[in-house]
Amino acid sequence: MATTHHHVTESTDRKSTVTFDVERVRKDFPVLNQKVHGKPLVYLDNAATSQKPLVVIKAEEHFYRHDCSNIHRGVHELSERATRSYEDARVKIQRFLNARESKEIIFVRGATEAINLVASSFGRKNVNAGDEILITAMEHHSNIVPWQILCEEKGAKLRVAPINDRGELLFDQFEKLLGPKTRLVAAVHVSNVLGTVNPVREMIEAAHRKGIPVLLDGAQAAPHVAVDVQELECDFYTFSGHKLYGPTGVGVLYGRADLLDAMPPYQGGGDMISSVTFEKTIYNSLPYKFEAGTPNIAAGIALGAAIDYLKSIGMESITAYEDELLAYATEAFSRIPRLKIIGTADKKTGVISFVMEGMHPHDVGTILDQEGIAVRTGHHCAQPLMERFRIPATTRASLAFYNTRKEIDALIAGISKVKELLD
Ligand SMILES: Cc1ncc(COP(=O)(O)O)c(C=O)c1O
């Protein structure tokens, strides 16, 4: 199990107000202890996917070693064990998001599938010709393309709320775009490129005043901040297991039960029915109505283990530590000449994207890799956002709570090397 000595306390060190036993945390992540190109690995690509603590790896292994069986079907011991563990994981997720009921938690493959589910099912039922879906200018392709497909099919229109040069939503404009034809707002909670934390509470309030439901793409928020869907009053919330220190191939759609109940099924097959004849099928109740076919059982169970692990550290501690690390990195970056941070919102978390004058991000990333530093370069599946800033790509360093100031220093040294080689 995870260690318990992770406190955020006031420190006498002037530079830091947060102490957090990061070295102890790092021991929970076997992958971090390695060299890449002869240098200690500095993993700063956590927004793409995060590393897994041993408890998660062991939970997957335990399932395959001891309990491997299909769920919701067997009357035998293994199937009952597997079913219990899987449904326990659902309850862990329910508590993690503070959902009212576990049937509001739908297991999917990831944030992308969760959004597609809502676009297909909610969209099919509630969106008609001339209607509008409102997104923002900082969406990931996963929260653009499913709505474009829906709009094309239905003759509806995709509206986009603009942002300022710092990467903050223009709230007045957002509010103006909420109209009688808006059927849904689908917005990112935290931007994967800019790190912007959107004013989601205010956005939801504004939408609800006009009776419009809101979906939040929480892929980059859930790993960094505590999420309370009842407090937010959001209607749908999505995230991916693999960005939350869990396995790939599993993710979550939270939906308000009354909305989910009224939606048609997403996919047809086993587990989503209560009875089938060739004439008529009666659909299963929530959450199974949306869970056709055998899911990634091991990954679901291991996601539950990831949530237990995060709870043992505490999301508040994680947020405080990461915010402090981000501030440290931002300050260091701001001293590098001809480097520009893309995304300087007042409220930010987890991510520093940057461009360097006269240097292509891919070259920057390649040189950093030679230093053992893993960052992401490219458009980050947010091409319209790149266009908004009139850049082809960025280099992105994205943080996790196992990252250290020393690693930020290594990144800064790596950037000096980049300058030496490319300038
Ligand atoms: C903001 C955001 N939304 C959605 C996704 C899609 O997540 P997944 O590929 O796990 O479905 C990502 C992943 O990069 C993301 O950053």
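# Reading the terms: ligand, fold and single residues

Modeller: In this predicted model, an oxygen atom of the ligand is 3.4 Å from a polar backbone atom of Ala 111.

Biologist: What makes the pair formed by the ligand oxygen and the polar backbone atom of Ala 111 a polar contact?

Modeller: The cut-off for a pair of N or O atoms is 3.5 Å. The value at Ala 111 is 3.4 Å, which is within that limit, so the pair counts as a polar contact.

Biologist: Which distances place Asp 217 and Gln 220 in polar contact with the ligand?

Modeller: An N or O atom in the side chain of Asp 217 lies 2.5 Å from a nitrogen atom of the ligand. For Gln 220, a polar side-chain atom is 2.7 Å from a ligand oxygen. Both values are within 3.5 Å, and therefore both pairs qualify. Of the 390 Å² of accessible area that the ligand has on its own, the protein covers 85%.

Biologist: How many residues surround the ligand, and which are the closest?

Modeller: There are 13 surrounding residues, and the closest are Thr 112, Asp 217, Gln 220, Ser 240 and Lys 243. Sorted by class, this shell holds eight polar, three nonpolar and two charged residues.

Biologist: Let us turn to the whole chain. Why is the chain called as compact as a globular protein of its length?

Modeller: The chain has 14 helices and 17 strands. Its radius of gyration is 22 Å, and the globule rule gives 22 Å for 423 residues; the two values are close, so the chain is as compact as a globular protein of that length. The C-alpha trace spans about 70 × 55 × 40 Å along its principal axes.

Biologist: What share of the residues is buried, and what share of the contacts joins residues 24 or more positions apart?

Modeller: Buried residues account for 56% of the 423 residues in the chain. Among contacts with a separation of 6 or more, 71% link residues 24 or more positions apart. The chain exposes about 18200 Å², of which carbon and sulfur atoms supply 51%.

Biologist: Why does Val 364 count as buried or exposed?

Modeller: A residue is buried when its relative accessible area is under 20%. Val 364 has 1% and therefore counts as buried. This residue is found in helix H12, residues 361-370. Leaving aside residues up to four places away in sequence, Val 364 touches Phe 354, Met 356, Met 359, Thr 395, Val 418 and Leu 422. The C-alpha atoms of Val 364 and Thr 394 are 9.5 Å apart, although 30 residues separate them along the chain.

Biologist: Why is Asn 98 called partly exposed?

Modeller: The partly exposed class lies between the buried limit of 20% and the exposed limit of 50%. Asn 98 has a relative accessible area of 30%, so this residue belongs to that class. Asn 98 is placed in the loop between helix H3 (77-97) and strand S4 (105-108). Its phi is near 55°, a positive value in a residue other than glycine.

Biologist: How do you know which exposure class fits Arg 338?

Modeller: With a relative accessible area of 39%, Arg 338 also lies between 20% and 50%, so the residue is partly exposed. Arg 338 sits in the loop between helix H11 (315-334) and strand S13 (339-342). Phi of Arg 338 is near 60°, again positive in a residue other than glycine.

Biologist: What kind of peptide bond joins Leu 286 and Pro 287?

Modeller: The bond is cis, with omega about -5°. Pro 287 lies in the loop between strand S12 (281-283) and helix H10 (297-313).

Definitions and conventions
Residues are numbered from 1 along each chain as its sequence is written. This is a predicted model: local features need pLDDT of at least 70, side-chain atom pairs count only at pLDDT 80 or more; totals for chains, interfaces and linings use all residues. Side-chain values use heavy atoms; hydrogens and water are left out. A residue is near a molecule or strand if one of its heavy atoms lies within 4 Å of it. A polar contact is a pair of N or O atoms within 3.5 Å; within protein, one must be able to donate a hydrogen and the other to accept it, and residues adjacent in sequence count only if both atoms are side-chain atoms. Accessible areas come from the Shrake-Rupley method with a 1.4 Å probe; for residues, only the protein chains shown count as cover. Ala, Val, Leu, Ile, Met, Phe, Trp, Tyr, Cys and Pro count as nonpolar, Asp, Glu, Lys and Arg as charged, and the others, Gly among them, as polar. Helices (H or I, at least four residues) and strands (E, at least two) are DSSP runs, numbered from the N terminus. The radius of gyration is taken over C-alpha atoms; the globule rule is 2.2 Å times the number of residues to the power 0.38. Buried means under 20% relative accessible area, exposed over 50%, partly exposed in between (1.4 Å probe, protein chains only). Contact means heavy atoms within 4.5 Å.
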